[in-house]
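Dear colleague,

I am handing over the structure below, followed by an account of what was found in it. Please read the notes with the model open beside them.

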Amino acid sequence: MSATRKIIIDTDPGQDDAVAILLALASPELEILGLTAVAGNVPLKLTEKNARKICELAGKPETKVFAGAIRPLARSLVTAEEVHGQSGLNGPELPEPTMPLQAQYAVDFIVETLMKEDSGTVTLCPLGPLTNIALALIREPKIAPRIKEIVLMGGGFFEGGNVTPAAEFNIYVDPQAADVVLRSGVPIVMMPLDVTHKALTTGKRIAAFRDLGTRVGIATAEMLEFFERFDEEKYGTDGGPLHDPCVIAYLLKPELFKGRHCNVTVETASELTMGMTVIDWWGVTKRDKNATVMRDIDHDGFFALLVERLGRL
Ligand code: BDR
Ligand code: CA
């Protein structure tokens with residue numbers, strides 16, 4: 001049995017997705033079976049290309065990148081260029097990637113991998129809308145009991161939403177997909193805004209990436225400086241929330257996070273609260289507990305881990 005943890009990262013890069021991918025690529029405890037791109041922050045054509053740009057930046061062009069769904073299950077695609085820029089990765093000048101995009105459809109890759117690998121050994125790490133993961137669960141329901149865990153960035157409850165007053169972006173973009181995932185019976189760990197809003201890219205923390213003096217360190221600083229400007233203005237904070245790397249940090253150092261096992265249900269009917277994650281934190285319903293919802297983070301420990309790991313690339 002290998003000592004590494006096998007993961008598939010499902011992603012819509014996105015500067016914070018990019019930092020999550022860099023953290024994973026820098027970490028020998030993780031074996032990345034593939035990156036599966038989904039439409040989200042920007043359209044799929046850009047997210048799959050951005051995923052390849054990041055692998056090349058990390059010096060890991062052998063990483064397998066697959067393209068998945070071009071739009072959510074039932075709703076029209078909503079993107080977030082106002083946050084991430086037109087390319088999705090505005091900030092640094094990154095060359096056009098030369099590594100190939102895999103020919104296989106991302107959803108087929110997820111199903112095939114879960115049926116081929118030993119049951120209970122593959123963790124899914126969704127960092128964007130849950131469309132690809134839901135499509136895989138629908139296409140082959142036998143994968144559900146074979147998934148070790150789904151550790152995802154999405155949702156929010158005490159903190160409210162970031163795209164509407166009630167909803168967080170990843171869940172809002174494809175609430176029907178989130179519903180499929182939350183009802184799948186797979187063990188889920190959720191990193192909602194309640195935790196990611198405590199992981200702020202302050203000036204000092206961005207300087208620590210730049211001070212690495214490497215291509216990766218400098219590009220990370222440039223990405224985060226672009227990424228944070230929108231949220232700094234919105235929230236009036238020093239720095240913006242660094243959402244997606246929380247997922248990978250949890251795999252490496254779960255002790256950085258504190259949360260609670262509870263029931264999570266997603267709103268799919270009302271336009272007013274569409275995509276809201278209703279988290280039964282106090283256990284006031286009899287609904288089955290289906291997710292461990294994180295609420296606290298050791299943010300200094302989180303950024304120390306990021307700088308140390310990105311420094312290896
Ligand atoms: C999530 O939405 C995207 O903009 C980020 O990449 C992150 O996954 C935060 O709401
Ligand atoms: Ca994302």
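In sequence, the donor residues of the calcium ion (ligand 2) follow the spacing D-x4-D-x109-L-x116-D. Leucine 127 sits in the loop between strand S4 (122-126) and helix H5 (131-139), while aspartate 244 sits in the loop between helix H10 (215-235) and helix H11 (245-252), so this pair ties together parts of the chain that are 117 residues apart in sequence. Please keep in mind throughout that this is a predicted model.

As for the coordination itself, the calcium ion (ligand 2) is bound at 2.2 to 2.6 Å by OD atoms of Asp12, Asp17 (listed twice) and Asp244, together with the O atom of Leu127. Two of these donor residues can also be described by their accessibility: leucine 127 counts as buried because its relative accessibility is 1%, below the 20% cut-off, and aspartate 244, at 2%, likewise counts as buried.

Turning to the surface, Phe158, Trp282 and Val284 make a nonpolar patch of about 380 Å². Within that patch, valine 284 belongs to the loop between strand S9 (277-279) and strand S10 (291-297), and with a relative accessible area of 66% valine 284 is exposed.

Finally, on annotation, an unreviewed UniProt entry lists residues 7-303 as "domain: Inosine/uridine-preferring nucleoside hydrolase". Over residues 7-303 the chain is 36% helix and 17% strand, with the end C-alpha atoms 22 Å apart.

With best regards

Technical notes: Residues are numbered from 1 along each chain as its sequence is written. Chains are lettered from A and ligands numbered from 1 in the order in which they are written. This is a predicted model: local features need pLDDT of at least 70, side-chain atom pairs count only at pLDDT 80 or more; totals for chains, interfaces and linings use all residues. Side-chain values use heavy atoms; hydrogens and water are left out. Patches are made of residues with over 30% relative accessible area and no salt bridge: like charges are joined within 9 Å, nonpolar side chains (Val, Leu, Ile, Met, Phe, Trp, Tyr) within 5 Å. Accessible areas come from the Shrake-Rupley method with a 1.4 Å probe; for residues, only the protein chains shown count as cover. A salt bridge is a side-chain nitrogen of Lys or Arg within 4 Å of a carboxyl oxygen of Asp or Glu. Helices (H or I, at least four residues) and strands (E, at least two) are DSSP runs, numbered from the N terminus. Buried means under 20% relative accessible area, exposed over 50%, partly exposed in between (1.4 Å probe, protein chains only). UniProt positions are given in the numbering used here, feature names are shortened, and annotations may be inferred rather than shown by experiment. Donors are N, O and S atoms within 2.8 Å of the metal (3.2 Å for Na, K and Ca); water is not among the atoms, so sites may look incomplete.
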